[in-house]
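I opened this model to look up its ligand site and its empty spaces. My notes follow the order in which I checked things.

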Amino acid sequence: MFITFEGGDGSGKSTQLQLLGKAFTASAIPHVMTREPGGSAGAEAIRKLLVSGEADAWDAETETLLFYAARLDHVNKLIKPALAEGKTVICDRFADSTLVYQGIGKGLSGEYIQALHRLTLGNFMPGLTIILDIDPAIGLKRAASRRGNETRFENMDIDFHHRIRAGFLSIAEREPQRCMVVDAGQGQETIHKTIVDIINNKLGIHV
Ligand code: TYD
């Protein structure tokens, strides 16, 4: 199973991914944890171009092509081989982030992004997507308290982040079979339990 995590900046994805990874390890379920942009050597090199620098460094179309170049490398070199070995792949962000950030956030057409997806990856998509939903005012405050220079998207204005939130929720409405929305305003342990329940139900396992 290919599982992705999506959500706005500061939605607590990293913490939840770590907790889930530990739970998989404790249950001896073979898995790989990865992230986008990045996850393979080539994609990590492209990541540097994308997440640092000025907020307006790239136009939406060029940025999308860079995200898809990174994604294609990541899928072919890491995700598909791991799935072929029978491992569960858990990925921090995937194609929904492009539809939402570059599409809804930056105004590139959803048709363009979906056509690019089909051209590069066909109908390859996650079997399950967990969307961590949080008020952007809270998410950005959390994100700001972290150190580092990967702030290019966090520096976009608050309206942008409200559109991002609405974008993820509308994907979840369109694809209720694949997407599960979790309230990320709750305590970490509560969120983790909710996610574990979703995964156990979906995969018919006991994490
Ligand atoms: P990430 O490292 O997941 O940051 P965070 O921990 O804040 O979620 O992602 C870096 C940024 O890249 C994030 O702000 C969202 C953005 N992004 C896109 O704009 N499009 C994409 O397709 C992906 C995968 C990420």
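These entries cover the ligand, the pockets, the cavity and two backbone details.

**Ground rules**

I am working on a predicted model, where local features need pLDDT of at least 70, side-chain atom pairs count only at pLDDT 80 or more, and totals for chains, interfaces and linings use all residues. I number residues from 1 along each chain as its sequence is written, and side-chain values use heavy atoms, with hydrogens and water left out.

**Entry 1: the ligand shell**

I looked up the residues around the ligand, meaning those with a heavy atom within 4 Å of it. There are 17, and Asp9, Arg47, Arg93, Thr98 and Gln102 come nearest. I sorted the shell by class: nine residues are charged, five nonpolar and three polar. For this I counted Ala, Val, Leu, Ile, Met, Phe, Trp, Tyr, Cys and Pro as nonpolar, Asp, Glu, Lys and Arg as charged, and the others, Gly among them, as polar.

Next I asked which elements supply the shell. α2 (41–51), α3 (60–84) and α4 (95–105) each supply at least two residues. α4 gives the most, with four. My helices (H or I, at least four residues) and strands (E, at least two) are DSSP runs, numbered from the N terminus.

**Entry 2: polar contacts to the ligand**

I searched for polar contacts, which are pairs of N or O atoms within 3.5 Å. The side chain of Arg47 puts an N or O atom 2.9 Å from an oxygen of the ligand. Arg71 has a polar side-chain atom 3.1 Å from a ligand oxygen. Gln102 meets a nitrogen of the ligand instead, with a side-chain N or O atom at 2.9 Å. I then checked burial: the ligand alone exposes 540 Å², and the protein buries 93% of that. Those areas come from the Shrake-Rupley method with a 1.4 Å probe.

**Entry 3: the largest pocket**

Where does the ligand sit? I found it in the largest pocket. To sit there, more than half of its atoms must lie within 2 Å of the pocket's grid points. The grid is 1 Å, laid over the protein atoms alone; a pocket is an open set of points with protein on both sides within 12 Å along at least five of seven lines, a cavity is a set where a 1.4 Å probe fits but cannot get out, and lining residues have an atom within 4 Å of a point.

The largest pocket holds about 750 Å³ of space. Volume here is the space filled by probe spheres set on the points, which are joined across faces, edges and corners. Its lining has 33 residues, and Asp9, Lys13, Arg93, Arg146 and Glu154 lie nearest the centre. By class I noted 14 charged, 12 polar and seven nonpolar residues. α4 supplies the largest share of this lining, four residues.

**Entry 4: the second largest pocket**

This pocket has a volume of about 200 Å³. I listed 15 lining residues, with Leu99, Gln114, His117, Met125 and Glu175 closest to the centre. α4, α5 (110–121) and α7 each give two or more residues to the lining. α5 gives the most, with four. Six lining residues are nonpolar, five charged and four polar.

**Entry 5: the cavity**

How many cavities of 30 Å³ or more does the structure hold? I found one. It contains about 120 Å³ of space. Of its 14 lining residues, Gly8, Asp9, Ile134, His161 and Arg165 are closest to the centre. β4 (128–133), α6 (136–144) and α7 (158–174) each give two or more residues to that lining. α7 has the largest share, five residues. I counted eight nonpolar, three polar and three charged residues in the lining.

**Entry 6: backbone details**

Most residues other than glycine have a negative phi, and most peptide bonds are trans. I flagged two sites with that in mind. The bond from Glu36 to Pro37 is cis, with omega near -10°. Pro37 lies in the loop between β2 (31–35) and α2. Ala28 has a positive phi of about 55°, though it is not a glycine. I placed Ala28 in the loop between α1 and β2.

Notes
A polar contact is a pair of N or O atoms within 3.5 Å; within protein, one must be able to donate a hydrogen and the other to accept it, and residues adjacent in sequence count only if both atoms are side-chain atoms.
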